Amino acid sequence: MSTSRTPSETRTPRMEPLARLPVFFGLAGKRAVVAGGSAGAVWKAELLSAAGAAVEVFAPQPSDELAAVAAEQPAIVINARAWQADDLQGAAVAVGAMTEDAEAAAFAGAARAVGVPVNVIDKPAFSDFSFGSIVNRSPLVIGISTDGAAPVFAQAMRAKLEALIPAGFARWARAARRWRRAVQGSGLSFAARRRFWQIFTAQAVTHPDRAPTAADFDTYMAQTREGRAAAENGSVTLVGAGPGDPELLTLRAVRALQSADVILIDDLVAPGVLDFARREAKKMLVGKTGYAPSCRQDEINALMISLAKSGKRVVRLKGGDPMIFGRASEEIEACRSAGIAVEVVPGITAAQGAASRLTVSLTHRKVSRRVQYVTGHAADGRLPGDIDWQSIADPAATTIVYMPSKTIRELAATAIARGLAGDTPTVAIAAATRPDQKVVAGTIADIADRLAAAAPAGPLLVMIGRALAEAAVAQADAETTEPRRVGKGS
């Protein structure tokens with residue numbers, strides 16, 4: 001029997017070290033200094049001008065390219081002389097294009113002496129900041145940096161993002177800037193304002209090439225007000241976190257995590273999944289783990305409902321798929337009884353994740369005509385008393401047993417006694433899809449002994465059936481130089 005524990009807040013993971021802090025300077029109406037007339041200096045002058053700065057370029061011999069850019073952009077002024085220390089007074093930023101380290105050091109020192117952030121092109125040792133690759137959908141702007149380690153890689157990432165982000169997003173971003181003040185002054189609550197921007201974002205993603213209009217603003221505002229009661233009451237979303245690998249999250253799961261006010265987390269959720277969550281969201285551990293201290297289900301339900309009634313968007317984050325041995329029905333019923341809006345975001349269940357890592361089909365058409373999921377323990381922690389042993393013994397079935405770490409020996413012995421062939425291939429997977437995944441292979445007759453010897457850590461799944469024959473043999477071959485045939489292959 002598991003003992004009880006109370007829900008507890010879990011700390012947001014600390015930020016991993018950053019090679020560079022991504023900061024966006026507001027340069028509109030401010031003065032920027034560029035020293036040098038190289039092609040790099042011309043590009044930086046154009047970039048600073050595009051950001052709204054008044055750019056002063058100091059170059060003893062201005063190039064034709066620099067002159068052409070200045071002719072097109074009045075904000076760029078050329079001074080046909082070398083830079084001087086006094087030129088840096090009052091500048092917001094300074095950029096130098098120097099080939100010699102001595103001049104680069106002098107320029108950087110002069111800028112720092114008057115408190116001006118400085119960049120020397122292609123000389124990070126003399127620079128306070130760097131320019132990354134840019135994806136421009138202004139006012140949506142994305143900067144990409146590799147801290148100079150791999151500029152070509154940064155350019156490749158920029159090319160991918162350019163392809164992924166429609167050019168029309170710029171129009172939607174400009175509309176958001178125009179409408180923000182009106183939304184803030186609308187009298188809507190914080191939750192309702194968020195609802196407005198969710199509607200706005202959904203339309204932008206669906207219709208990126210259409211320019212939003214004033215009529216759209218009125219429509220989105222009406223839709224927000226119509227759904228205001230639901231927004232005020234908050235909501236609950238049951239989200240499947242998948243078996244462990246964060247890259248197996250669905251896009252819808254990521255969106256739910258990004259919009260949550262509070263995230264209630266199961267112990268089985270891999271820590272890396274929370275990297276996709278909104279950092280400002282409150283995160284609470286409401287662990288449900290077999291054979292260990294666990295929060296009572298009624299406590300979880302009460303907490304979930306009280307948070308939603310206070311107007312919070314609650315995400316109930318569960319390992320695997322919430323509808324597969326995740327007590328989803330109890331939580332959905334509790335929400336409906338309390339009048340709380342509830343939805344479900346499915347996840348990749350552990351069986352699918354484990355099968356993908358084993359590269360095995362659970363429904364091999366020659367040996368398996370169905371897949372069945374069975375829980376390895378009942379509410380009291382023992383082997384369930386209502387298992388359909390006839391279906392377990394069916395040689396044409398693939399059986400996936402969830403959470404059988406304490407009952408696998410009894411389950412295997414009973415299955416064999418009820419007709420399951422002792423040589424049936426069996427594969428156990430602990431911490432499926434995670435970096436520390438452990439696979440133990442054998443037959444239903446010896447899997448309990450093999451698990452006892454290996455003592456793998458993490459959530460356990462046992463897969464039984466002829467469809468596992470090749471995977472079991474492959475795992476056995478990986479563990480010993482003596483190939484061992486397991487069961488009848490397919």
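Which strands does helix α15 (residues 447-454) lie across? In this predicted model, helix α15 lies across β18, β19 and β20, and its direction makes an angle of about 150 degrees with β19. An angle over 145 degrees counts as roughly antiparallel.

The three strands beneath this question belong to an open sheet of 5 strands, arranged in the order β16-β17-β20-β18-β19 with mixed pairing. At its edges stand β16 (370-375) and β19 (438-443), each of which pairs on one side only. Neighbouring strands of the sheet are turned against each other by 20 degrees on average, direction ignored.

The pairings within this sheet can be followed strand by strand. From the edge, β16 pairs with β17 in the parallel sense, over 6 bridges; here Val371 stands opposite Thr398 in β17. Strand β17 is in turn joined to β20 by 4 bridges, and these two strands run antiparallel. Within that pairing, Thr399 has Ile464 in β20 as its bridge partner. Strand β20 (residues 460-464) is also joined to β18 (residues 425-430), by 5 bridges and again in an antiparallel arrangement. There, Val427 has Met463 in β20 as its bridge partner.

Strand β17 (residues 397-402) deserves separate attention. Because 6 of its 6 residues are buried, the strand is largely enclosed by the rest of the structure. Both of its faces are covered: on one side Ala397, Thr399 and Val401 are buried, and on the other Thr398, Ile400 and Tyr402 are buried as well. Thr398 and Thr399, already met through their partners in β16 and β20, thus belong to opposite sides of the strand.

A further open sheet is also built from 5 strands, in the order β5-β4-β3-β6-β7, and its pairing is parallel. Its edge strands are β5 (76-79) and β7, each pairing on one side only. From one strand to the next, the twist averages 15 degrees. At the β7 edge, the partner strand is β6 (residues 93-96), and the two are held in the parallel sense over 3 bridges. In this pairing Gly96 stands opposite Val120 in β7.

This sheet, too, has a helix lying across some of its strands. Helix α3 (residues 101-113) lies across β3 (31-35), β6 and β7, and runs at about 170 degrees to β7.

After β7 (118-120) the chain enters a loop that leads to β8 (133-137), and Lys123 is found in this loop. Is Lys123 buried or exposed? Its relative accessibility is 16%, and Lys123 therefore counts as buried, the limit being under 20%. Beyond its neighbours within four places in sequence, Lys123 is in contact with Met98, Thr99, Glu100, Asp101 and Ala104.

The last feature is a pair of helices. Two packed helices are described by the angle between their axes and the distance between the axes. Helix α1 (residues 39-50) and helix α2 (residues 64-72) pack at an angle of about 10 degrees, with 9 Å between their axes. Since angles under 35 degrees count as roughly parallel, α1 is roughly parallel to α2. In the contact, Ala39, Val42 and Glu46 of α1 meet Glu65, Leu66 and Val69 of α2. By class, this contact has 4 nonpolar residues, no polar residues and 2 charged residues.

How values were computed: Residues numbered from 1 in each chain as written. Predicted model: local features only at pLDDT ≥ 70, side-chain atom pairs only at ≥ 80, totals over all residues. Heavy atoms only, no water. Buried < 20%, exposed > 50% of the residue type's maximum accessible area, 1.4 Å probe, protein only. Contact = heavy atoms within 4.5 Å. Pairing = 2+ DSSP bridges. Axes fitted to C-alpha atoms, helices over the stretch in contact; angles between N-to-C directions. Parallel < 35°, antiparallel > 145°, perpendicular 65-115°, else oblique. Nonpolar A, V, L, I, M, F, W, Y, C, P; charged D, E, K, R; others polar.
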